[in-house]
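Please open the model in your viewer and keep the sequence panel beside it, so that each selection can be followed in both. The tour moves from the whole chain to single stretches and then to a few individual residues.

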Amino acid sequence: MDASQVHRQYQAFKQKGLKLDMSRGKPSPEQLDLSNALLGAMETYVAADGTDTRNYGGALGLPEARALFGELLDLPASQVVVDGSKSLSIMHDVIVFHLLYGATGQPRWLSAEPVSFLCPVPGYDRHFGICEALGIKMINVPMNDDGPDMDLVEKLVASDASIKSMWCVPKYANPSGTVYSDEVVRRLAAMPTAAKDFRLLWDDAYRFHHLGEEKIAIPNMLEECAKAGNPDRAFVFASTSKVTFAGSGLAAMASSAANIAWWQKCSSVRSIGPDKVNQLRHVQFLKNRANVEALMEKHRQLLKSKFAAVDAQFALQLEGMADVSWSHPKGGYFIDLLTPPGMAKRTVALAKDLGIVLTTAGASFPYGVDPQDRHIRIAPSYPSLAEITLAAEGIALSLKMAATE
């Protein structure tokens, strides 16, 4: 690699005057347009059971909204709660309720110090942000190609009662695109834990977000927990945030019957009922699983070329560069770019000077600390195809520039 040539290319690229913010995995305007029918007049404001959705009530969600998510998650509607527009808010509340009130028949988590969570890395920065804000200690667990390092997970949870929970994005994980294997899912469901109230926070954010022709499926975590004799272990979270409107979708939680009753008791203090008008208009628009899958196919057609463009540019610019690799996800919203050790932060800074704003290096690790400073999360969804092609070239050039310094 000729340093002077890379420097000249970098300076020439800067003259393009790019202004691209790729710091979040946002749906593009074209993706959001796919659900514009939600903005039209509703067929009726009255739910199937006669509920006037404009009024108070319905703490667990409209029956038809719960049934829709039940169909999407392959679970009975009775095990589903539909509440609010963002699953991250429900995750936050599940943790806070455990901290303040405790699980049924168990002491509140705040009575035991410290409280620790296992965090597969690289992972979702907003999961880690919740823990940091609430004073929960985070313990890194390496991710393998089939999910978290289960030998380490099983060893830790069996010996340490302060470990109360574990974050999981089981399919097309953020940012690596990793899919948990059947064996990993079943080991998580069955593993002995020192904490009687250990919880799996199962963020099924990308369940229908395929990029290729293959529609990958994994075992049903709630069913696996029940079969293993741990029916209350998992809380499953899902939303339509990247299906319909990112800011005005529906969020759902699924768990055991006992956990649903626990949730209703805890959440009744903070709300007299969710936005049922939004729930009903989503049911009228989405209708069933077949319609959701048809809508997601339209999303796939818009996204797959952008991911392919990033891969093509990285292959052209970075192939053969020592200690450089990137993920090739089959779904989800991100690509994980691995730099040589110690170069991620510098690469992100150099990209910013080119007008390309990326997620902060280290964000995919608890406390924002990537021990090797290697991981950069690439979010191809929002820019146009031409913009993301140019951005990928600029990111690759920034990495080469960092390597020559």
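What follows is a sequence of stops, each with something to select and a note on what is there.

**The whole chain**

Begin with everything displayed, and keep in mind that this is a predicted model. The secondary structure of the protein chain comes to 13 helices and 13 strands. Its radius of gyration is 22 Å, close to the 22 Å that the globule rule gives for 405 residues, so the chain is as compact as a globular protein of that length. Turned along its principal axes, the chain has C-alpha atoms that fill a box of roughly 70 × 55 × 35 Å, and buried residues make up 55% of the 405 residues.

**Strand S3 and its partners**

Next select residues 116–121, which form strand S3, and ask whether its residues are buried or exposed. Six of the six residues in S3 are buried, and the strand is described as mostly covered. In a regular strand the side chains alternate between the two faces of the sheet. Here Ser-116, Leu-118 and Pro-120 point one way from S3, while Phe-117, Cys-119 and Val-121 point the other way, and all are buried.

Add strand S4, residues 137–144, which pairs with S3 in the parallel sense over six bridges; within this pairing, Val-121 stands opposite Pro-142 in S4. Then bring in helix H5, residues 125–133, and follow the path from S3 over H5 to S4, since these elements make a right-handed β-α-β unit. Strand S6, residues 163–168, also runs parallel to S3 and is joined to it by three bridges, with Ile-163 in S6 as the bridge partner of Ser-116.

**Two cis peptide bonds**

Stay at the end of S3 and select Val-121 together with Pro-122, which are joined by a cis peptide bond with omega about 0°. Pro-122 has its place in the loop between S3 and H5. For another cis bond, move to the peptide from Asn-174 to Pro-175, where omega is near 5°; Pro-175 lies in the loop between S6 and helix H7 (182–190).

**A loop residue with positive phi**

Select Asp-74, in the loop between helix H3 (63–73) and strand S2 (80–82). Its phi is near 60°, a positive value in a residue other than glycine, and at 42% relative accessibility Asp-74 counts as partly exposed.

**Helix H11 and its two ends**

Now approach helix H11 from the loop between helix H10 (276–286) and H11, where Lys-287 is found; Lys-287 has a positive phi of about 70° although it is not a glycine. Asn-288 caps the N-terminal end of H11, with a side-chain oxygen 3.2 Å from the backbone nitrogen of Ala-290.

Extend the selection to residues 289–318, the 30 residues of H11, which reach 40 Å from the first C-alpha to the last, close to the 44 Å expected at 1.5 Å a residue. Where does H11 bend? The bend is at Leu-303, and amounts to about 30°. Just after H11, Gly-320 takes a positive phi of about 90°.

**An open sheet**

Finish with the open sheet of three strands, whose order is S10-S11-S13 with antiparallel pairing. Strand S10 (325–326) and strand S13 (375–378) stand at the edges, each with a single partner strand, so one side of each is left without a neighbour in the sheet. Strand S11, residues 335–338, is joined to S13 by four bridges, and His-375 in S13 is the bridge partner of Leu-338.

Note on methods: Residues numbered from 1 in each chain as written. Predicted model: local features only at pLDDT ≥ 70, side-chain atom pairs only at ≥ 80, totals over all residues. Heavy atoms only, no water. Expected span 1.5 Å × (residues − 1). Bend = angle between axes of the 7 residues up to and from the residue. Polar contact = N/O pair within 3.5 Å; in protein donor to acceptor, adjacent residues only side chain to side chain. Buried < 20%, exposed > 50% of the residue type's maximum accessible area, 1.4 Å probe, protein only. Pairing = 2+ DSSP bridges. Right-handed = clockwise from strand over helix to strand, strands pointing away. Rg over C-alpha atoms; globule rule 2.2 N^0.38 Å.
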